[in-house]
Structure formats: structure tokens, C-alpha cells
Amino acid sequence: MHKSFFAAATLAVFLIGCRSVDQRRDQQLSRVAKDWCLTIRASQVLPVYPLTEDLQVGDVFLVSAPLEEEVDELEKDGFLPLDNVIARVQPTGWQQFYNGSYGIADTAVLPKQWQFPQPPPSAPPLTAWSTAPGAAFPSYTFQVKEGAGATLAIPIQSVPVGLSLLETGDAYGTVNVSNASTYGLPITLLSPQIDTWAAENQKFLSQFGPATYKDKRGRDKHSQHYVRVVYRVYVAGGVSVSLIANQSRGGRLDAGASKSIALFDAGDSTEAANTAKNYASVISSLSQSVASATPGANVTIASASSRSVAMNETFPRPLVIGYLAFDRAITASGTLGPPLPTHARVTGQSIGASTAVFGSDSNADRLRAWLTPGNRKTLEAWLAKNAAATSVAVFLNGSQFELLRAKAVQELGVGQ
Amino acid sequence: MSEITGIPATEVGRVVQDFINDGARQLVVEQAPDGSYTVTAH
């Protein structure tokens with residue numbers, strides 16, 4: 001009886017412990033992923049997560065989540081899911097926009113000419129992204145605590161490799177996006193091409209027209225679908241990762257097969273003359289060891305000491321890390337409303353517009369009831385700061401202003 | 001010019017009133033093939 005009780009209690013403690021470790025790891029994973037995404041977002045770019053090569057200018061997505069849910073997702077996860085792709089429009093107008101620069105001719109098909117250059121190169125780099133317009137991102141700083149670094153959510157492999165080399169799970173480091181490129185089209189060139197595509201698919205789009213439904217409390221809610229059109233993407237060829245151990249100790253984490261690697265030590269003064277030679281040799285052998293231990297990762301060691309390691313990771317093929325897009329509301333007849341910048345829309349930034357697809361809500365009713373002549377001037381002054389060139393009527397009735405109306409009600413103290 | 005499209009029939013009056021309150025001098029109300037309305041203010 002006592003034995004079975006003791007065994008059950010031990011098992012319970014073990015399971016609770018496992019769950020606790022899992023929860024801690026989940027928290028760590030989501031935090032690191034979010035930090036990565038926030039770095040990309042800090043550059044006014046919407047992050048792609050996980051990284052992919054298969055995202056292009058002209059990709060069209062169906063956005064069905066209500067705006068407030070998208071805002072929540074962006075704040076919680078750091079990125080917007082791109083799961084409902086409905087079309088890939090092959091845009092034209094590259095030559096007009098780039099005027100022959102970056103090897104873009106009349107017959108250019110982007111990004112194909114950079115992804116698969118002709119004739120195909122026989123040696124790396126196998127792509128021609130180096131001829132595309134360049135881009136740069138701020139460095140990303142992160143910290144890894146013991147017990148959570150082995151399966152980092154950050155979409156690069158250098159971090160677990162570095163942790164393994166340092167034989168620590170407690171480190172901090174920086175990630176620099178390297179060999180970044182970008183290309184895109186202006187909305188004025190791309191949006192009319194989306195109109196042409198929408199006209200050909202009007203019947204399909206009409207299924208996603210605006211609708212009114214009751215929420216859990218029985219209140220009328222307005223649902224509005226959008227098409228999200230990618231008009232610029234940012235591509236990275238690799239990353240440079242620097243890791244510094246908070247302290248060298250046990251709790252080793254391995255990426256792939258475990259390898260015993262002696263890290264660089266300058267030694268005493270009598271060996272100083274050979275330091276440079278030895279260092280280069282150690283770095284070379286480290287890189288070879290890493291390559292053999294992690295066949296999937298193209299990681300080379302740039303520098304190393306017993307407390308730090310710097311690595312360059314080259315992606316086998318450049319990957320899209322971020323994008324810019326615009327949203328167009330779908331009307332009941334399957335036509336599309338005016339283009340609205342996605343980033344501004346989901347972050348509640350100023351979006352001026354003189355045209356809108358109808359979409360009013362309870363906040364619009366509150367504002368109408370509040371609009372005395374004096375308050376109208378207050379609202380107009382507020383709109384000048386938050387949605388320049390937007391009239392009160394368009395602001396009250398446009399679906400894209402749902403978030404801004406909530407902001408106005410809050411900031412102007414409407415109905416309080 | 002300001003324009004709002006996709007207005008349900010029950011909401012047209014309120015949108016027109018909003019434009020009038022904004023000082024619009026000329027309003028055009030059109031019905032789309034799907035039955036919704038477009039209000040254009042000049």
C-alpha cells in the first residue's frame with residue numbers, strides 16, 4: 001500500500017515536472033519568436049514566420065479575421081498568419097518602376113531571374129539576389145536561459161550550434177540579418193492589376209461580402225473580409241550570430257550529433273607567436289566539426305573563445321523574412337474597396353481616405369450622439385492628426401476606421 | 001469628392017445625413033447591381 005502510494009506520488013511529481021519544463025520551453029519559444037518578429041516590425045515591415053522562400057509580390061491572401069482579432073494576434077505573436085492564399089498575380093510594370101536598374105528589363109519576371117538565374121551557376125551562390133536592391137535590418141538581441149535553448153523557435157540554426165559549442169544553456173547574443181535584398185511595386189501600379197484579377201474572380205469574391213451577425217451578448221457585429229496583397233518583400237541570404245555565455249558550465253545542449261570541441265585558448269606567452277596560426281586552425285577545424293555535426297546547417301565560425309562564439313549562417317536559398325502589403329475590402333458584389341496599408345491598419349496608424357466601403361459600428365453611433373458643433377471641431381482636429389484628409393462622414397461610415405473609431409471614443413472621452 | 005460604397009438600404013439615410021452634417025453641397029445616391037448603395041458627396 002505504502003509502496004504503491006509512493007510510486008504514484010513519484011510519478012505525479014515527475015509528470016508535473018515534465019509539464020512545467022514543457023510550459024517553460026513553450027513560453028521561451030514564443031518569446032524568442034516574438035522578439036525576432038518585433039525586430040522586423042520595428043523596421044515598419046510585417047514579419048514572415050516561419051521564414052519561407054515562397055512569398056512573392058502579387059500574392060493575394062484572404063483575411064477573414066475581424067480587425068480587433070488581427071490586432072490581438074499581431075500584439076500576442078508578433079506576426080500575422082498568412083494561411084489563406086487565394087491567388088498569385090504575376091504583376092507587370094517592373095521596368096517602369098525600376099527604369100532598367102538592377103538588371104530588370106522589359107521582359108523581367110521577378111523574382112525568378114534572381115531565384116533561378118540563367119545560365120544556372122555551377123558554384124555557390126546559386127542565386128542572383130546580390131543584383132537585387134539591397135536592404136538592412138537592425139540587429140536582434142536575445143537571451144537564452146538554461147533548459148530552453150535546444151529547440152529555439154528562432155528560425156536559424158546557428159543559435160543551438162553556438163550553445164552547443166559553448167556548452168551552456170545560459171547565454172545572450174545578437175543576430176544580424178545579412179545579405180538582405182528587397183523588391184516591390186508601387187500600389188498605383190499593382191492595385192489596378194488586382195482590379196483586373198478581381199473582375200475575373202468576382203463570383204468567388206462575392207462569397208466574402210460584408211455581413212452582420214450577433215455576438216455572444218446579442219449585439220450586432222459587422223464582419224468585413226479583405227484581400228491582402230503583397231507589394232514588397234524583404235529577402236535575407238543569411239544571418240550572423242554572436243553568442244556570449246553568461247557562464248561556462250554544464251547542462252550542455254546539442255544541435256544534431258554531440259561533438260566534443262575544444263574552444264580557443266590563447267595559452268601562455270611562450271605560445272603567443274603562434275597564436276594567429278593556431279587560431280585560424282582552430283576556427284577552421286571548428287567550422288568543419290560543426291558542418292559534420294549539423295549537416296542541415298550551413299554554419300561557419302567567424303571567431304571563438306571559451307566564452308563567446310560568432311558564426312555566419314548562410315541559408316541554402318535566400319528566404320523572405322518580411323513583407324509590405326495593402327488590404328482591400330471585399331464588397332457584397334465581389335468588387336474591391338480602396339487600398340489600405342496593412343501595417344498601418346493593424347497598428348491603428350493614420351490612414352487618410354476619401355473613399356470607403358461601408359462598415360459602421362456602435363462606436364460610430366456613440367460619436368454621432370456626441371457630435372455637437374463644438375465637438376465636431378474637436379473631432380476634426382483629432383482626425384487631422386490621426387487620419388489626415390478624412391472627412392467625419394467617411395470616418396463614421398468606413399469599415400477601415402473601426403479601430404480608429406474605438407481610439408477616438410477612448411481619447412476624446414466620448415460617452416463618459 | 002468623398003464616396004462610400006456597399007451601404008445597405010437601411011443605412012443610406014444615416015450616411016446621407018452624415019455627409020449633410022459635413023457640409024456636402026451635392027450628393028449622388030446610386031444603387032449597385034447587388035442592391036447596396038453608393039453615396040458620393042461633392
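Two strands pair if DSSP finds at least two bridges between them. Helices (H or I, at least four residues) and strands (E, at least two) are DSSP runs, numbered from the N terminus.

Residues are numbered from 1 along each chain as its sequence is written, and chains are lettered from A, ligands numbered from 1, in the order in which they are written. This is a predicted model, in which local features need pLDDT of at least 70 and side-chain atom pairs count only at pLDDT 80 or more, while totals for chains, interfaces and linings use all residues.

**Exercise 1. Pairing between the chains**

Task: Find the bridge partner of Val357(A) in strand 1 of chain B.

Solution.
- Start with the strands. Strand 13 of chain A pairs with strand 1 (residues 2–7) of chain B.
- Take the direction next. The two strands run in the parallel sense, over three bridges.
- Now the residue. Val357(A) has Thr5(B) as its bridge partner.

**Exercise 2. The side of chain A that touches chain B**

Task: Describe which elements and residue classes make up the side of chain A that touches chain B.

Solution.
- Count the residues. 18 residues of chain A are in contact with 17 residues of chain B. Contact here means C-beta atoms, placed from the backbone, within 7 Å.
- List the elements. Strand 13 (355–357) and helix 12 (392–397) of chain A each give two or more residues to this side.
- Rank them. Helix 12 of chain A gives the most, with five residues.
- Sort by class. This side has nine nonpolar, nine polar and no charged residues. Ala, Val, Leu, Ile, Met, Phe, Trp, Tyr, Cys and Pro count as nonpolar, Asp, Glu, Lys and Arg as charged, and the others, Gly among them, as polar.
- Add the scores. The model has ipTM 0.97 and pTM 0.67.

**Exercise 3. Confidence**

Task: State where confidence is highest and lowest in chain A and in chain B.

Solution.
- Begin with chain A. Its pLDDT (the predictor's confidence in each residue, from 0 to 100) averages 76, and 71% of the residues score at least 70.
- Compare its elements. Helix 1 (residues 2–41) of chain A has the lowest mean, 57, and strand 3 (residues 85–88) of chain A the highest, 93.
- Look at two weak stretches. Residues 10–18 of chain A fall below 50 and have zero contacts beyond near neighbours in sequence. Residues 248–264 of chain A also fall below 50, but that stretch has 39 such contacts in the model. Where pLDDT is low, the predicted coordinates should not be read in detail.
- Turn to chain B. Its average is 88, and 100% of the residues score at least 70. Strand 1 of chain B is lowest, at a mean of 87, and helix 1 of chain B highest, at 92.

**Exercise 4. Strand 9 of chain A**

Task: Trace the partners of strand 9 of chain A and its share of the largest nonpolar core.

Solution.
- Set the scene. Chain A holds 13 helices and 13 strands. Buried residues make up 36% of its 416 residues.
- Check burial. In strand 9 (residues 226–245) of chain A, 15 of the 20 residues are buried. A residue is buried if 20 or more other C-beta atoms, placed from the backbone, lie within 10 Å of its own, exposed if 12 or fewer, and partly exposed in between.
- Follow the pairing. Strand 9 of chain A runs antiparallel to strand 2 (residues 59–63) of chain A, with four bridges. Val60(A) stands opposite Val229(A) there.
- Strand 6 (residues 171–184) of chain A is also antiparallel to strand 9, through 13 bridges. Tyr172(A) has Ile244(A) as its bridge partner.
- Strand 11 (residues 308–329) of chain A joins strand 9 antiparallel by 17 bridges. Leu243(A) is partnered by Val309(A).
- Finish with the core, a set of buried Ala, Val, Leu, Ile, Met, Phe, Trp, Tyr and Cys residues joined through C-beta atoms within 7 Å. The largest has 92 residues, and Val229(A) and Tyr231(A) are among those touching the most other members. Strand 9 of chain A gives the most to this core, with 13 residues.

**Exercise 5. Thr10(B)**

Task: Is Thr10(B) buried or exposed?

Solution.
- Locate it. Thr10(B) lies in the loop between strand 1 and helix 1 (12–21) of chain B.
- Count its surroundings. Thr10(B) is exposed, because 7 other C-beta atoms lie within 10 Å.

Conventions: Contact = placed C-beta atoms within 7 Å.
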